[in-house]
Amino acid sequence: QVQLQESGPGLVKPSQTLSVTCTVSGGAITTSYYYWSWIRQPPGKGLEWIGYIRYSGSTYYSPSLKSRTSISRDTSKNQFTLQLSSVTPEDTAVYYCARDRGGTGYYDYWGQGTQVTVSS
């Protein structure tokens, strides 16, 4: 059984960089052909896909967030991390990590989500 667990700071000040990490158990993040995504949900709004890191280590980001987004991984810890720079209150959301097989957009495993609030 694959499990994903997000961890993050909870509160970030405007203009700073948000960093949240997803720890995966029950399966290696290097296993073909899984893609490991970050998705967020602002209060009162729908889900927004942020980007993913593939099993190979390559990445792809939402065009609307690309200039501020970086996703990296630590295979020794079976973790992947989202960094979102220059945050504003509009980046306040619950941040989820999820597994997608082959970039199909079908997510078979999700983390429980972590709330990140951007406020001074």
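A strand, in this tour, is a DSSP run of E of at least two residues, and strands are numbered from the N terminus. The model on display is predicted.

**Stop 1: the whole chain**

Select the whole chain and colour it by secondary structure. The chain contains zero helices and eleven strands. Followed along the sequence, its pattern reads β-β-β-β-β-β-β-β-β-β-β. The radius of gyration is 13 Å, close to the 14 Å that the globule rule gives for 120 residues, so the chain is as compact as a globular protein of that length. Turn the C-alpha trace along its principal axes: the trace spans about 40 × 25 × 25 Å.

Keep the chain selected and consider its contacts. Among contacts with a separation of 6 or more, 53% join residues 24 or more positions apart.

**Stop 2: the surface and the charges**

Now display the surface of the chain. The exposed area is about 6100 Å², and carbon and sulfur atoms supply 47% of this area. Of the 120 residues, 39% count as buried. Next, select the charged residues. There are 10 positive and 7 negative charges, and the mean positions of the two groups are 4 Å apart.

**Stop 3: D91**

Select D91 and show its side chain. Where is D91 found? D91 belongs to the loop between β8, residues 79-84, and β9, residues 93-101. Is D91 buried or exposed? Its relative accessibility is 2%, and since buried means under 20%, D91 counts as buried.

Add R40 to the selection. The side chains of D91 and R40 make a polar contact at 2.8 Å. Then show the other residues around D91. Leaving aside neighbours within four places in sequence, D91 is in contact with R68, L84, S86, V116 and V118, as well as with R40.

**Stop 4: G51**

Move to G51, which lies in strand β5, residues 48-54. G51 has 0% relative accessibility and therefore counts as buried.

Add S37 and draw a distance between the two C-alpha atoms. G51 and S37 are 14 residues apart along the chain, yet their C-alpha atoms are separated by 5.6 Å. Which residues does G51 touch? Not counting residues up to four places away in sequence, G51 touches W36, S37 and W38, then Y60, Y61 and S62, and also I71.

**Last view**

Finally, show D91 and G51 together. D91 sits in a loop, whereas G51 sits in a strand. D91 counts as buried, and G51 counts as buried as well.

Terms used: Residues numbered from 1 in each chain as written. Predicted model: local features only at pLDDT ≥ 70, side-chain atom pairs only at ≥ 80, totals over all residues. Heavy atoms only, no water. Helix = DSSP H or I, 4+ residues; strand = E, 2+ residues; numbered from the N terminus. Rg over C-alpha atoms; globule rule 2.2 N^0.38 Å. Buried < 20%, exposed > 50% of the residue type's maximum accessible area, 1.4 Å probe, protein only. Contact = heavy atoms within 4.5 Å. Areas by Shrake-Rupley, 256 points an atom, 1.4 Å probe, with all protein chains shown as cover. Lys, Arg positive; Asp, Glu negative; His and termini not counted. Charge placed at Lys NZ, Arg CZ, Asp CG, Glu CD. Polar contact = N/O pair within 3.5 Å; in protein donor to acceptor, adjacent residues only side chain to side chain.
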